[in-house]
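User: Please take a close look at one buried or partly buried position in this model and then follow its surroundings outward through the fold. I would like the cut-offs stated as you go.

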Amino acid sequence: MADIAVQNITAEGGETVTFTAAAAGGDKFIYDDQTCILIRNNDASAKTVTVSVPAANVSVRDNKFAGVLAKQNIAITVPANGIGFIPPLPPIFRNAADLNKVALTYSAVTSLLVAFVKDRQ
């Protein structure tokens with residue numbers, strides 16, 4: 001998996017987002033609660049992008065519920081010659097054992113580009 005830096009942009013716009021070719025083994029970025037994922041598919045075929053949770057289950061106990069909840073990966077299909085967007089992720093997607101990184105995988109990487117961006121405020 002390739003590590004890709006998060007790009008800081010401003011809400012006012014006028015900045016260029018730099019896309020990176022998606023890596024065959026997937027890509028990672030350091031988690032924060034403001035980073036969005038942009039995917040550009042320049043291929044003639046649709047691609048599936050999956051954001052994986054690092055653990056399949058989480059134990060929960062409060063005054064109304066006690067048990068194990070299954071966590072779900074996020075998977076989106078980016079159409080041929082289309083763009084995909086994943087908004088900021090909740091903390092369950094960060095992998096504390098991997099320096100708080102978030103991992104993405106792809107159904108294929110031909111002509112697939114990715115960027116991680118956040119408002120630098």
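Analyst: Gln7 counts as buried because its relative accessibility is 18%, where buried means under 20% relative accessible area, exposed means over 50% and partly exposed lies in between, computed with a 1.4 Å probe on protein chains only. The model is a predicted one, in which local features need pLDDT of at least 70 and side-chain atom pairs count only at pLDDT 80 or more, while totals for chains, interfaces and linings use all residues. Residues are numbered from 1 along each chain as its sequence is written, and side-chain values use heavy atoms, with hydrogens and water left out.

Gln7 belongs to strand 2, residues 7–9; strands (E, at least two residues) and helices (H or I, at least four) are DSSP runs numbered from the N terminus. The side chain of Gln7 reaches the backbone oxygen of Thr18 at 2.6 Å, which is a polar contact, that is, a pair of N or O atoms within 3.5 Å of which, within protein, one must be able to donate a hydrogen and the other to accept it, with residues adjacent in sequence counting only if both atoms are side-chain atoms. Not counting residues up to four places away in sequence, Gln7 touches Thr16, Val17, Thr18, Ala115, Phe116, Val117 and Lys118, contact meaning heavy atoms within 4.5 Å.

Phe116 leads on to Leu104, since Leu104 is in contact with Phe116 and, among others, Met1, Phe29, Ile37, Val49 and Val114, leaving aside neighbours within four places in sequence. Leu104 is also one of the residues with the most contacts inside the largest nonpolar core, the others being Ile37, Ile39 and Leu89, and that core has 20 residues. Strand 5 (36–41), strand 6, strand 9, strand 11 and strand 12 (112–119) each supply at least two residues of this core. Here a nonpolar core is a set of buried Ala, Val, Leu, Ile, Met, Phe, Trp, Tyr and Cys residues joined through side-chain atoms within 4.5 Å.

The strands themselves can be followed through their pairing, where two strands pair if DSSP finds at least two bridges between them. An open sheet of 5 strands has the order 1-4-11-6-9, with mixed pairing. Strand 1 (2–3) and strand 9 (74–78) stand at the edges, each with a single partner strand, so one side of each is left without a neighbour in the sheet. Within that order, strand 6 (residues 47–52) and strand 11 (residues 101–106) run antiparallel and are joined by 4 bridges, and Thr50 stands opposite Thr105 in strand 11. Strand 5 and strand 10 also pair in the antiparallel sense, over 5 bridges, with Ile39 opposite Gly84 in strand 10. In strand 10 (residues 82–86) Gly82, Gly84 and Ile86 point to one face and are buried, whereas Ile83 and Phe85 point to the other and are not. Such alternation between the two faces of the sheet is what side chains do in a regular strand.

Another buried polar residue is Lys47, with a relative accessible area of 2%, and its place is in strand 6. The side chain of Lys47 makes a polar contact with the side chain of Asp43 at 2.6 Å, while the backbone oxygen of Ser45 lies 3.4 Å from a polar atom of the Lys47 side chain. Leaving aside neighbours within four places in sequence, Lys47 is in contact with residues including Asn41, Ile76, Val78, Val109 and Leu112. Ser45, in the loop between strand 5 and strand 6, counts as partly exposed at 40% relative accessibility.

Two loop residues deserve a look at their backbone. Most residues other than glycine have a negative phi. Asn100, in the loop between strand 10 and strand 11, has a positive phi of about 60° although it is not a glycine, and Asn100 counts as partly exposed at 31% relative accessibility. Ser111, in the loop between strand 11 and strand 12, likewise has a positive phi of about 60° and is partly exposed at 37%.

For the whole protein chain, there are 0 helices and 12 strands, and of its 121 residues 33% count as buried. Residues 24 or more positions apart account for 76% of the contacts with a separation of 6 or more.
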